[in-house]
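Q: I've got this one open on my screen and would like to talk it through with you. Could we begin with the DNA and then go over the rest?

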Number of protein chains: 2
Amino acid sequence: MSGEDSEDGDPAERRSPTIYDVAEAAGVSPSTVSRAFSRPGRVNARTAERIRDVAHDLGYRVVPLARALPVGRTSMLALVVADATNPFHFDIIRGAQDAATKAGYTVLLADTRESDLVERQALERTLPMVEGIVLASSRMSDSTIRVTAKQRPMVVLNRVVTGVPSVVTDISSGARRAIDHLRGLGHDRFTYVAGPEASWTDGMRWRELREAARGAGPKVRRIGPFPPTLEGGVEAGRALRREPTSAVVAYNDLLAIGLMGELIGHGHRVPDDFSVIGFDDIFGAQLVTPGLTTVAAPLYQVGSTAVGHLLAVLNGARPQTETPLVVPTSLIRRRSTGPHGTDPVA
Amino acid sequence: MSGEDSEDGDPAERRSPTIYDVAEAAGVSPSTVSRAFSRPGRVNARTAERIRDVAHDLGYRVVPLARALPVGRTSMLALVVADATNPFHFDIIRGAQDAATKAGYTVLLADTRESDLVERQALERTLPMVEGIVLASSRMSDSTIRVTAKQRPMVVLNRVVTGVPSVVTDISSGARRAIDHLRGLGHDRFTYVAGPEASWTDGMRWRELREAARGAGPKVRRIGPFPPTLEGGVEAGRALRREPTSAVVAYNDLLAIGLMGELIGHGHRVPDDFSVIGFDDIFGAQLVTPGLTTVAAPLYQVGSTAVGHLLAVLNGARPQTETPLVVPTSLIRRRSTGPHGTDPVA
DNA sequence: CAACATATGGCAACTTCTTGCCGGGCCCGT
DNA sequence: ACGGGCCCGGCAAGAAGTTGCCATATGTTG
């Protein structure tokens with residue numbers, strides 16, 4: 001009376017084999033198959049090998065989803081970046097990716113296009129699937145971040161949110177190096193070209209530069225804020241030319257590059273008329289003419305450190321919420337900085 | 001003797017609510033809750049609303065994994081790129097990302113670091129979790145790709161594999177435009193700087209360039225292969241200087257940029273001594289001095305087209321395996337090309 | 001050789017959600 | 001007024017694994 005499905009031997013409709021199929025073929029119970037894969041040692045070595053052979057013959061592969069359900073471990077991490085097309089994120093992505101892969105984790109990438117709404121939606125969607133989150137250049141408020149961090153282990157990058165572990169670059173020593181370099185070249189006055197107001201990093205960079213310049217150092221001035229893009233740099237260039245200083249430090253490389261372009265486009269020479277320093281050493285900093293002197297951040301390391309800490313937390317370590325994890329910076333000297341023009345060196 | 005866990009009422013250990021909790025609180029059965037969320041219309045509007053309210057109060061959220069298990073739909077796509085730090089991929093990633101998100105899909109990114117072994121492992125791991133795959137710049141053999149394509153819907157980028165849908169840029173018209181441009185500037189002889197031998201794109205570019213140059217066109221020569229990186233470009237520059245031609249077309253922008261750097265570093269002028277054209281218009285092509293003339297590919301569109309087709313296939317459309325989907329290219333004229341030096345124009 | 005410890009496999013319950021089928025209540029047509 | 005359909009909610013059987021607990025078989029020890 002019931003509909004009779006002929007399902008025997010239809011090759012087109014074979015679904016992928018399960019542990020039950022393997023179990024039957026190997027003459028053991030499904031639980032033994034399960035253990036043969038997920039609990040090495042728990043099952044007799046010979047039995048295990050036989051099971052693996054049978055499984056291989058059948059083309060069996062564990063469905064991670066089904067495994068994840070009972071144990072609650074998806075082996076996935078979310079990496080949320082504000083802009084996947086910003087070279088700043090490239091190495092972070094790869095660093096995170098590598099560290100995750102090495103630990104058997106898969107990364108789920110979300111590009112939020114600089115929008116905190118999109119960012120929230122992305123989190124909404126990915127959060128239940130992942131075990132942990134890395135937030136790079138988040139555009140959300142501290143409090144939203146803290147709320148989210150309660151639901152899953154989280155690490156934020158280049159930003160400090162109390163109560164949430166973070167990875168930042170050593171801005172302080174980077175700033176000092178930049179100032180020392182400039183001073184060594186005879187500059188006694190420089191301009192800081194500020195990035196977005198909401199950026200934690202921007203505030204820090206300005207603060208540390210001022211700090212480093214205190215005392216015997218050069219005088220500092222600040223213009224901005226400007227959007228941290230090439231276009232922002234062009235804007236900044238115009239502003240700078242109205243009140244020039246012989247040296248300028250930009251919030252980031254993109255801004256610095258845009259700025260240099262504008263200056264050179266208006267007949268100024270870099271570094272003869274203006275010495276320019278950026279931050280981050282992104283792809284492109286060494287391509288422009290002249291090559292950009294910049295405070296390099298080991299972006300790859302930022303990504304891998306973040307994932308490393310996240311994984312540690314997932315394995316029971318206490319999240320480091322007191323002080324941020326800091327990765328070292330270094331000054332890369334290229335051609336965009338030179339001796340102060342009013343004092344032509346021999 | 002055993003450690004006593006007090007777990008009652010411990011707020012830290014509450015697991016997230018399930019449809020059962022919601023069902024109980026709302027006084028309906030779990031299946032009704034399930035339907036209230038996944039089968040709109042199937043359940044009475046008032047009941048549905050009540051359920052949603054209760055669910056919201058409880059902070060319930062569907063666990064996509066658990067949903068995926070019975071229906072076999074994970075709403076995830078894998079995007080496999082050869083090198084996540086290559087600017088070539090940035091816009092592809094974002095294009096894919098956007099298209100996927102718009103359709104409610106999440107993308108899982110895998111960086112294979114130019115290794116076909118890593119690529120295979122990445123596929124191994126991600127394949128069972130995703131509904132479809134986009135392969136950008138795969139380093140695997142055609143046959144391996146075909147085998148994988150049997151397991152999941154797949155689209156390959158910038159490569160044609162018979163039997164597998166693909167998205168490619170319009171190389172032929174791009175090549176023609178490049179040649180016409182060069183000819184218009186008076187060049188009657190140029191060098192093609194080849195990329196990796198295994199690259200399908202490289203073969204095509206060379207073929208189409210030669211084709212476009214046939215007849216009244218300029219004479220063409222080919223050097224290489226070189227790795228498609230800045231360093232490869234430096235190498236290529238050395239080779240070119242041994243047997244110069246006034247114009248050169250490089251496999252991609254990275255190579256072109258490296259090449260220009262080498263030439264300029266050795267006292268040659270671009271475009272006065274050498275006109276240089278690249279392919280792709282990656283980030284950085286407009287940054288270098290002189291700005292690089294290049295055959296631009298709408299990389300964002302490549303990514304979104306690929307995902308678009310993939311989603312169509314998942315929704316039952318027939319995969320387009322006969323002819324590749326092609327996106328248009330255009331020539332972006334910048335400062336790296338100029339009139340042939342032996343014929344100084346007024 | 002008996003008593004106990006250990007290794008190994010099986011049973012069945014559990015993870016969260018979906019869905020085919022069933023049935024009670026209500027409305028409608030005749 | 002009564003039978004036939006709809007509408008809507010519930011039951012229970014999956015989807016593919018994991019794992020606590022138990023039952024053997026085997027090994028070890030006194």
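A: Gladly, and one definition comes first: a residue is near a molecule or strand if one of its heavy atoms lies within 4 Å of it. Please keep in mind that this is a predicted model.

Q: With that cut-off, which residues come nearest to DNA strand D?

A: There are 27 residues around DNA strand D, and those that come nearest are A:Ser34, A:Arg39, A:Arg67, B:Arg42 and B:Thr47. On the DNA side, sugar and phosphate account for 54% of the atoms of strand D that come within 4 Å of the protein.

Q: What about the bases, which side chains have an N or O atom close to a base oxygen of strand D?

A: Among them are three arginines: the side chain of A:Arg35 has an N or O atom 3.3 Å from a base oxygen of DNA strand D, B:Arg35 places a polar side-chain atom 2.7 Å from a base oxygen of that strand, and for B:Arg42 the distance from a side-chain N or O atom to a base oxygen is 2.5 Å. The elements giving two or more residues to this surface are α1 (19–26), α2 (30–38) and α4 (64–71) of chain A, together with α2 (30–38) and α4 (64–71) of chain B.

Q: How do the residues near strand D divide into nonpolar, polar and charged?

A: Twelve of the residues near DNA strand D are nonpolar, nine are polar and six are charged.

Q: OK, now the other strand. Which residues come nearest to DNA strand C?

A: Around DNA strand C there are 27 residues, of which A:Thr32, A:Thr47, B:Ser34, B:Arg39 and B:Arg67 come nearest. Here sugar and phosphate make up 58% of the DNA atoms that come within 4 Å of the protein.

Q: And which atoms of strand C do the individual residues reach?

A: A:Arg35 has a side-chain N or O atom 2.7 Å from a base oxygen of DNA strand C, whereas the side chain of B:Arg39 brings an N or O atom to 2.2 Å from a phosphate oxygen. B:Val63 takes part through its backbone, with an N or O atom 3.0 Å from a phosphate oxygen of DNA strand C. The elements that contribute two or more residues to the surface near this strand are α2 and α4 of chain A, with α1 (19–26), α2 and α4 of chain B. That surface divides into twelve nonpolar, nine polar and six charged residues.

Q: Switching topic: how many salt bridges are there over all chains?

A: The structure holds 30 of them over all chains. One of these pairs B:Asp98 with A:Arg113, whose closest N and O atoms are 2.2 Å apart. B:Asp98 lies in helix α5 (residues 87–102) of chain B, while A:Arg113 lies in the loop between β2 (106–111) and α6 (116–126) of chain A, so this pair joins two chains.

Q: Let's move to the sheets. What is the strand order in chain A?

A: Chain A has an open sheet of six strands in the order β7-β6-β8-β9-β10-β12, with mixed pairing. Since β7 (219–223) and β12 (330–332) of chain A stand at the edges, each has a single partner strand, so one side of each is left without a neighbour in the sheet. From one strand to the next the twist averages 25 degrees.

Q: How are β6 and β7 of chain A paired, parallel or antiparallel?

A: Strand β6 (residues 189–193) of chain A and β7(A) pair in the parallel sense over five bridges, and A:Val193 stands opposite A:Ile223 in β7(A). Helix α9 (residues 200–213) of chain A lies across β6, β7, β8 (247–250) and β9 (275–280) of that chain, running at about 160 degrees to β7(A).

Q: And which helices lie on the sheet in chain B?

A: Among them is helix α8 (residues 171–184) of chain B, which lies across β6, β8 (247–250), β9, β10 and β12 of chain B at about 40 degrees to β12(B). Helix α10(B) also packs on the sheet, touching β6, β7 and β8 of chain B, and its direction makes about 130 degrees with that of β7(B).

Q: Last thing, where are the backbone oddities I should check?

A: As background, most residues other than glycine have a negative phi, and most peptide bonds are trans. In chain B the bond from B:Gly224 to B:Pro225 is cis, with omega near 0 degrees, and B:Pro225 sits in the loop between β7 (219–223) and α10 (230–242) of chain B. Another cis peptide bond joins B:Thr289 and B:Pro290, with omega about -10 degrees. In chain A, phi of A:Asp280, a residue other than glycine, has a positive value near 110 degrees, and A:Asp280 is found in strand β9 of chain A.

Key:
Residues are numbered from 1 along each chain as its sequence is written. Chains are lettered from A and ligands numbered from 1 in the order in which they are written. This is a predicted model: local features need pLDDT of at least 70, side-chain atom pairs count only at pLDDT 80 or more; totals for chains, interfaces and linings use all residues. Side-chain values use heavy atoms; hydrogens and water are left out. Two strands pair if DSSP finds at least two bridges between them. Helices (H or I, at least four residues) and strands (E, at least two) are DSSP runs, numbered from the N terminus. Axes are lines fitted to C-alpha atoms, for helices over the stretch in contact, and angles run from 0 to 180 degrees between N-to-C directions. Contact means heavy atoms within 4.5 Å. A polar contact is a pair of N or O atoms within 3.5 Å; within protein, one must be able to donate a hydrogen and the other to accept it, and residues adjacent in sequence count only if both atoms are side-chain atoms. Ala, Val, Leu, Ile, Met, Phe, Trp, Tyr, Cys and Pro count as nonpolar, Asp, Glu, Lys and Arg as charged, and the others, Gly among them, as polar. A salt bridge is a side-chain nitrogen of Lys or Arg within 4 Å of a carboxyl oxygen of Asp or Glu.
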